[in-house]
Amino acid sequence: MSSENDSPPIESINWESRDGGWSVPWQFVGLVLSLGALLALRLHYGEHGDAVLMFPSRLTWVYRAGLVVLAFIVVPPLVRDPARTRRYWDRFASNRVAVVCLGYLAVVVSLALLAPILVERAQLNLYIEHQPPAFITAPAGDDCIGPVVTSGGEEFCRGTLNYPLGTAHRGYSMHTLLLWGLRTSLQMAVIATVIMVPLATAVGVVAGYVGGWVDTLLMGYVDVQQSVPAFVIYVILIFIYGRSLLLLAVVFSLLSWGSMARLVRSETLQRREEGYIEAARSAGVGHLTVLRRHVLPNVSNTVLVGATQKVPQLILIEAAITFLSLGDIGRWYPSFGQTIRNGFRTAGGMPPLAALSPMAKWWVWLFPVVLLSSTVIALNVVGDTLRDVLDPRGET
Amino acid sequence: MSDATDSSALLSVRGLEKHYPVRSGWLNRETSRVRAVDGVSFDLRRGETLGLVGESGCGKSTVARTVLSLESPTAGSVTVAGQDIADQSRTQRKRFRRRVQIVFQDPGSSFDPRMTIGESVAEPMVAHGLDDADRRRERVESLLEVVGLAADDRERYPHELSGGQKQRAALARALSLNPDVLVLDEPVSALDVSVQAEILALVQDLQEAFDLAILLISHDMSVVERLCDRVAVMYLGELVERGPTESLFDDPKHPYTRALLAAIPDPDPHEQLGDAELDGEVPDPASPPDGCRFHTRCQAVIPPDDLDIDQSTFQSVFALRVGLRNGDIGLESVRERLGGDDETPSPAAVAAAVREEYGVAQELANERAERSLSEALTAFADGDASAASERLAETFPSVCERERPAQHRSDGCAVTCHRYRPDDSSNTNRSE
């Protein structure tokens with residue numbers, strides 16, 4: 001401090017004249033606008049069909065809203081900080097299997113998203129039940145539309161390119177069932193994610209950050225909820241609302257987020273003690289801003305990993321429940337479970353082909369089993385790799 | 001150093017108490033209280049550095065958190081520039097937040113791993129309404145340069161910086177709001193020794209440049225000696241001694257301060273280790289000892305007037321007594337050490353072993369003392385530790401365990417010890 005003219009090393013600011021900062025939450029505004037646009041479309045087209053789909057049901061609209069919400073949750077953090085995205089990607093890419101699985105999932109999700117554009121809904125045609133896939137022969141019934149070949153005194157039906165993956169019960173073509181089945185699984189996954197992730201995050205973060213009796217109350221509720229079997233509740237509700245995919249998705253999502261909330265809570269408890277939160281608090285940053293700027297971004301990894309573990313479970317549950325004929329049946333929401341069930345069914349249906357043994361119509365159950373299990377395995381592999389990649393301990 | 005608020009002080013702490021209730025049972029009733037801070041007072045003037053030292057668990061970090069109003073005190077007051085922080089309007093609170101800033105011990109956790117250093121340093125400014133992004137960026141860059149980082153470092157992430165660099169950035173963040181008071185909570189204890197020196201030098205420069213009042217919290221006496229103008233020593237939530245750094249280091253009065261100073265490693269190999277080292281653990285702050293809280297570990301416990309015994313003998317018998325009272329000596333473990341598992345050792349052997357462990361002579365010179373001690377040890381060997389403790393208490397009482405010492409002040413120093421009676425201006429130190 002040699003002379004009066006020394007300029008201070010840091011300019012002094014008249015803080016008194018400033019109020020707290022306020023900025024436009026663009027992400028939130030965008031989300032609200034998009035959902036509003038979707039609502040306008042819904043009001044305009046109703047359930048009579050639009051450019052993409054004939055007769056979109058209530059489930060379809062919920063699914064579309066879910067897709068919009070997911071886009072606004074997932075995309076902005078990835079775009080906002082390209083350097084970090086790049087860092088995560090580099091670490092992810094070091095696991096070859098995971099990259100293959102991610103590529104596979106990308107294909108599957110694209111197919112599921114585009115299913116309504118690629119193929120029409122499954123068409124009923126009782127005269128072409130159980131046609132074998134192209135170039136494959138199977139014991140012929142009455143309704144073989146391809147060439148019938150005779151070998152060793154027995155007649156065999158050869159598949160045609162009209163139905164490259166063959167046909168199933170009631171003459172539904174297999175590729176339609178598979179594509180629309182994927183779409184059903186995606187709908188289940190999207191609705192479940194959009195219900196579970198915000199709920200689990202909100203409850204976990206509030207319980208962990210506020211603590212005290214709020215924590216006791218919320219976690220007590222989670223305990224109670226976890227002891228309620230979703231399956232039983234669903235079966236009971238079927239008698240009131242009828243079998244529906246929307247009901248299935250809502251009931252199972254609303255009763256399955258407890259374990260995720262617990263993970264988020266314990267992560268929040270750890271984060272709350274971190275120096276940067278104390279530093280922010282002591283600098284006068286409000287609780288809400290601390291939650292938004294520090295807690296939420298830092299628990300988002302836990303949420304993401306929790307979701308990738310929970311979603312495949314719910315996809316399998318959906319297939320299992322339709323396999324038991326307790327799900328949405330019919331051609332509106334062809335489900336893997338339903339198709340597999342029909343592949344194994346040896347009685348009922350139109351004689352004589354419905355009575356075929358499962359081995360004689362193997363394509364009906366094999367394709368969905370392979371597609372379903374490979375999707376679930378890929379989801380699990382990607383989820384495990386994400387857990388390793390996003391673990392903050394790997395960041396230092 | 002009067003208890004009335006010093007008008008020249010920027011930060012005044014008076015009778016600060018912070019108790020944490022311990023709740024248990026079905027109804028969540030309060031069963032006891034952890035007295036983390038129990039009546040602490042000090043003043044901090046502009047441009048001055050006050051060191052707050054003590055072992056871990058003595059409540060010094062709680063003082064910091066309470067001073068920053070991250071926790072509300074159970075009792076007492078914290079005043080910043082004449083304004084009590086307990087009753088503040090919203091605007092006053094924001095002003096207080098700008099005036100007092102903190103740097104934490106662990107550089108690893110003091111930055112959000114998801115934010116760049118620049119964003120973290122700018123965060124307080126955003127919260128206080130500096131909306132102009134360009135101006136904020138300029139300010140962040142000059143702040144980083146002031147603390148010895150490069151302006152480009154603002155784009156880096158915490159994991160790309162070393163511990164020392166992060167601590168510099170933490171100082172930059174703390175300075176961003178032009179504070180008057182800086183609280184440094186163990187600012188260098190997580191760093192390498194070479195980096196420690198750099199950061200301490202930086203703190204000195206910054207203090208001079210910004211005329212900061214610094215409250216330095218540390219367990220490291222050498223850091224305190226280097227940086228502080230005045231020192232306050234804390235033990236179990238209380239201040240036991242305070243005074244200018246030089247006089248406190250040259251002539252420590254409180255036995256605890258002496259023990260802390262003796263714990264500084266001395267580079268001279270010929271220097272004998274002082275005999276004032278600290279034994280045992282800090283007692284549980286949920287049930288602090290009666291009288292002087294340090295008496296359980298003190299090397300200078302005052303013997304009763306009617307007992308003719310030398311200080312060191314009294315000291316070791318007293319330690320034995322405290323050990324018996326707190327149940328630190330287990331009959332089983334003594335027996336086990338003595339006889340293995342063959343047979344039960346004789347009471348005489350047990351008594352001898354206990355004497356040896358506490359450094360008590362096998363036969364005391366004073367007859368009354370010896371009788372009492374041997375009776376007590378016989379009772380102990382019979383398995384009645386409480387009777388043994390009571391027997392010893394009759395013969396070996398001390399004012400240190402009965403009465404809480406009052407504060408004795410002289411020339412800017414204050415010490416809270418029975419060896420310095422407040423009415424005694426002649427400063428009789430009976431051990432000398």
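Q: Which way do Val100(B), Gln101(B), Ile102(B) and Val103(B) point from strand 6 of chain B, and are they buried or exposed?

A: Val100(B) and Ile102(B) point one way, Gln101(B) and Val103(B) point the other way, and all are buried. Buried here means that 20 or more other C-beta atoms, placed from the backbone, lie within 10 Å of the residue's own (12 or fewer makes it exposed, and in between is partly exposed). This is a predicted model, so local features need pLDDT of at least 70 and side-chain atom pairs count only at pLDDT 80 or more, while totals for chains, interfaces and linings use all residues. Residues are numbered from 1 along each chain as its sequence is written, and chains are lettered from A and ligands numbered from 1 in the order in which they are written.

Q: How many residues of each chain count as buried, as a percentage?

A: For chain A the figure is 35% of 396 residues. For chain B it is 45% of 432 residues.

Q: What makes up the secondary structure of each chain?

A: Chain A has 13 helices and three strands, and chain B has 15 helices and 12 strands. Helices (H or I, at least four residues) and strands (E, at least two) are DSSP runs, numbered from the N terminus.

Q: How do you know that strand 6 of chain B is joined to strand 7 of chain B, and in what direction do they run?

A: Four bridges join strand 6 to strand 7 (residues 181-185) of chain B, and the two run parallel. Strands pair if DSSP finds at least two bridges between them, so four is enough. Gln101(B) has Leu182(B) as its bridge partner, and Val103(B) stands opposite Leu184(B).

Q: What makes strand 6 of chain B an edge strand?

A: Start with the sheet: eight strands of chain B, in the order 6-7-8-3-9-10-12-11, form an open sheet with mixed pairing. Strand 6 and strand 11 (407-410) of chain B each pair on one side only, and those are the edges. Neighbouring strands are turned by 20° against each other on average, direction ignored.

Q: Why are helix 2 of chain A and helix 5 of chain A called oblique to each other?

A: Two packed helices are described by the angle between their axes and the distance between the axes. Here helix 2 (residues 58-80) and helix 5 (residues 174-210) of chain A come within 9 Å and cross at roughly 60°. The axes are lines fitted to C-alpha atoms over the stretch in contact, with angles running from 0 to 180 degrees between N-to-C directions. Under 35 degrees would be roughly parallel, over 145 roughly antiparallel and 65 to 115 roughly perpendicular; the rest is oblique. Helix 2 and helix 5 of chain A are therefore oblique.

Q: What residues make that contact between helix 2 and helix 5 of chain A?

A: Among them are Leu59(A), Val62(A) and Tyr63(A) of helix 2, and Val190(A), Ile191(A) and Thr193(A) of helix 5. By class they divide into nine nonpolar, three polar and no charged. Nonpolar covers Ala, Val, Leu, Ile, Met, Phe, Trp, Tyr, Cys and Pro; charged means Asp, Glu, Lys and Arg; the others, Gly among them, are polar.

Q: How many residues does each chain give to the contact between chain A and chain B?

A: Chain B gives 34 residues and chain A gives 28 residues. Residues are in contact if their C-beta atoms, placed from the backbone, lie within 7 Å. On the side of chain B that touches chain A, helix 3 of chain B has the largest share, five residues. That side has 15 nonpolar, nine polar and 10 charged residues.

Definitions and conventions
Contact = placed C-beta atoms within 7 Å.
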